[in-house]
Amino acid sequence: MGSSPWLVISLLLSLTVASLSDMSIVSYGERSEEEIQRLYQAWKAQHGKLNNALGQDDKRYEIFKDNLKYIDEHNAAADAGVHSFRLGLNRFADLTNEEYRSTYLGTKPAGTRRGKVGDRYKVREGESLPDSIDWREKGAVAEVKDQGSCGSCWAFSTIASVEGINQIVTGDLISLSEQELVDCDTSYNQGCNGGLMDYAYEFIIKNGGIDTEEDYPYAGYDNRCDANRKNAKVVTIDDYEDVPINSEASLQKAVAGQPVAVAIEGGGRAFQLYSSGIFTGSCGTALDHGVAAVGYGSENGKDYWIVKNSWGSSWGESGYIRMERNIKSASGKCGIAMEASYPVKDGANPPNPGPSPPSPVTPPSVCDNYYSCPESTTCCCIYPYGGYCFAWGCCPLEGATCCDDHYSCCPHDYPVCDLEDGLCLMGNNKNSPLRTKAMTRMPAKPFWAFRLGGNKKVSSA
C-alpha cells in the first residue's frame, strides 16, 4: 500500500521544524530563497505565528532572514571554536533586537536602593564552597513558565526564589502566582511595565503570604487585583536580603544555599537568539531582565551559572541558560552579581485556605450581535470592510485604543499608536520617554461561549 501524501507532507514538516533548533553551519550565501522561505513557514507553524496584519508577514520575513544570517555566521564560528554557545531560530527570530527589548525585558534598575545587604552569604577568607549545585535535581525548582509579551520578568524571578526557599524549608514544591504580583504589587512595581524583586519581596511580607499559581493563574497582562485570591496566603516568607554587591564568590555561596533572584542585562542579540552552551556573548551591566540563579557548575574547564528564564521551555536549554561564571569583571557576566537577592524563611506556612471563592462576575464586552470579549478588555476590529467588521479581536486592556494596523492596541493613558516601533505614546512626540509597548489582540469568541445572561456592557472600537 502506498504512503498517504498527507503523511509524507507531515513528515517533511516535522523534519524541517526539528532542524530549527540545531541549524546546519552552511553560510548564509549558500541558503537559497526557497530554503529560507521553507524554514520561515516551518518556524511559523512551530510557534503559532499568524501575522495577519497588512504587510506584517513580509516585514517579519525580512527580519527573520536577517536573524538567520546572524545565526548562521555565529554557529559557523562556534563550530570553529570561537564561541562556546550556539544560537537558534527560537520564538524571537522574527523580532528586531529593539522590538525584543521593548517587549520582553522589564526589570527596573535599583538605583541607590540597596539597603538590605546581608552577611549570611558573605564569603570568609579561606572558606571552601561546593564545586557545583543544581537545585533542579534537589526538587526546589518549579516548572519553566512563560511571561508572554508582558514585562513581568521581575515577578517570575521573585517567585522562583520564593518557590525554592519554601521547598528547602518545608519539603513542598508549590508553584506560586506571578499574576498576584503583577495585579496587586503596584505601590512601586508596574506590572507588565517592569518592577524590582526587592519590592516584590516586601509585598509578600506585608501581605502575609502569596497565593498559588493554580488558584491565581497567570494571565500575561495587567488586571485588577483579585482581593479574594490576594488574601489566600498559602506560602509566607519572613524577610529578604541582598547578596553582597559585585562578588561572584558571595553569589556562589548564596546559590549553594538556595535559588537566588538576579538581574542581568539580557538585551543583546546573542542573548535574544541563544540556543545552547555556555553563554559568553557580549553584554554590559544595564540591568533590564530578572531571572533566577538555580545552580552552577563547570564544563571543560569553563565555569557557568545555571539560570532559569521565564520565556517558556522552547527557549535556550529547555528554558534555561548557562552563563559564564568567574569572569574578570567584579559585576559578573551581564551584571549577574550586581543586584542579587533572596528571601528568608524560618518556619512553616499557615494552614492552606483552599480554593478562593469566585470573584464577582463582570459581564463580557459585546463586540456585535455575534462576538464578545472577556471582561476588562476592549473589542477591536481585525477585518473591517465597507463600514462593517467581519472579525473581532480583544485587546487585554479596558478602554484601550485600537491601532490602525488591526493587530495591536494601546492603554488608554498611552493612546497614540507608534506602529513603526510597536510602541504606545502619551503624545505625538516619538522621542518622549513616556511610552510603553503595544499589546497584541486576542481572537474574540462567540457571545454564547461566555454563558452569561443579562445585560452586557459594550466596549468596542
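## Salt bridges, pocket and surface

In this structure R322 counts as buried, because its relative accessibility of 14% is under the 20% cut-off. The model that is described here is a predicted one, and the values below were computed from its atoms.

**Paired charges**

The partner of R322 is E317, and the closest N and O atoms of this salt bridge are 3.0 Å apart. E317 counts as partly exposed, at 23% relative accessibility. A search of the whole structure finds 23 salt bridges, and the table gives some of the pairs.

| Pair | N to O distance | Burial |
|---|---|---|
| R60 and E99 | 2.7 Å | both buried |
| E317 and R322 | 3.0 Å | E317 partly exposed (23%), R322 buried (14%) |
| R325 and D303 | 3.9 Å | R325 buried (6%), D303 partly exposed (23%) |

What does the salt bridge between R60 and E99 tie together? The side chains of these two residues meet at 2.7 Å, N to O; R60 belongs to helix 3 and E99 to helix 4, so the pair links parts that are 39 residues apart in sequence. Both of these residues are buried.

The salt bridge of R325 with D303 has its closest N and O atoms 3.9 Å apart. Since R325 sits in the loop between strand 8 (320-324) and strand 9 (341-344), while D303 is part of strand 7 (residues 302-308), this pair ties together parts that are 22 residues apart in sequence. R325 is buried, at 6% relative accessibility, whereas D303, with a relative accessible area of 23%, is partly exposed. Elsewhere, a network of salt bridges links R31, E35 and D72.

**The largest pocket and the largest cavity**

The largest pocket holds about 1,400 Å³ of space. Its lining is made up of 44 residues, and those that lie nearest its centre are K49, Y407, M439, T440 and R441. Two or more lining residues come from each of helix 3 (56-79), helix 4 (97-104), strand 18 (416-418), strand 21 (439-440) and strand 22 (442-443), and the largest share, four residues, is that of helix 4. Sorted by class, the lining of this pocket has 19 nonpolar, 14 polar and 11 charged residues.

How many cavities of 30 Å³ or more are there? The count comes to two, and the largest cavity has a volume of about 90 Å³. Around the largest cavity there are 13 lining residues, with F156, A160, K308, N309 and S310 nearest its centre. Helix 5 (153-170) and strand 6 (289-299) are the elements that give two or more residues to this lining; helix 5 gives the most, with five residues. The classes in the lining of the largest cavity are five nonpolar, four polar and four charged residues.

**Exposed positions**

On the surface, Y383, Y385, Y388 and F390 make a nonpolar patch of about 570 Å². F390, one of these residues, lies in the loop between strand 14 (388-389) and strand 15 (392-395). F390 is classed as exposed because its relative accessible area of 59% is over the 50% cut-off.

D131 is likewise a loop residue, found between helix 4 and strand 2 (133-134). Is D131 buried or exposed? At 69% relative accessibility, D131 counts as exposed. The C-alpha atom of D131 is separated by 9.3 Å from that of A256, although these two residues are 125 residues apart along the chain.

Note on methods:
Residues numbered from 1 in each chain as written. Predicted model: local features only at pLDDT ≥ 70, side-chain atom pairs only at ≥ 80, totals over all residues. Heavy atoms only, no water. 1 Å grid on protein atoms, 1.4 Å probe; cavity = no way out; pocket = protein on both sides within 12 Å on 5 of 7 lines; lining within 4 Å. Points joined across faces, edges and corners; volume = space filled by probe spheres on them. Nonpolar A, V, L, I, M, F, W, Y, C, P; charged D, E, K, R; others polar. Patch = residues over 30% accessible without salt bridge, like charges linked within 9 Å, V, L, I, M, F, W, Y side chains within 5 Å. Areas by Shrake-Rupley, 256 points an atom, 1.4 Å probe, with all protein chains shown as cover. Salt bridge = Lys/Arg side-chain N within 4 Å of Asp/Glu carboxyl O. Buried < 20%, exposed > 50% of the residue type's maximum accessible area, 1.4 Å probe, protein only.
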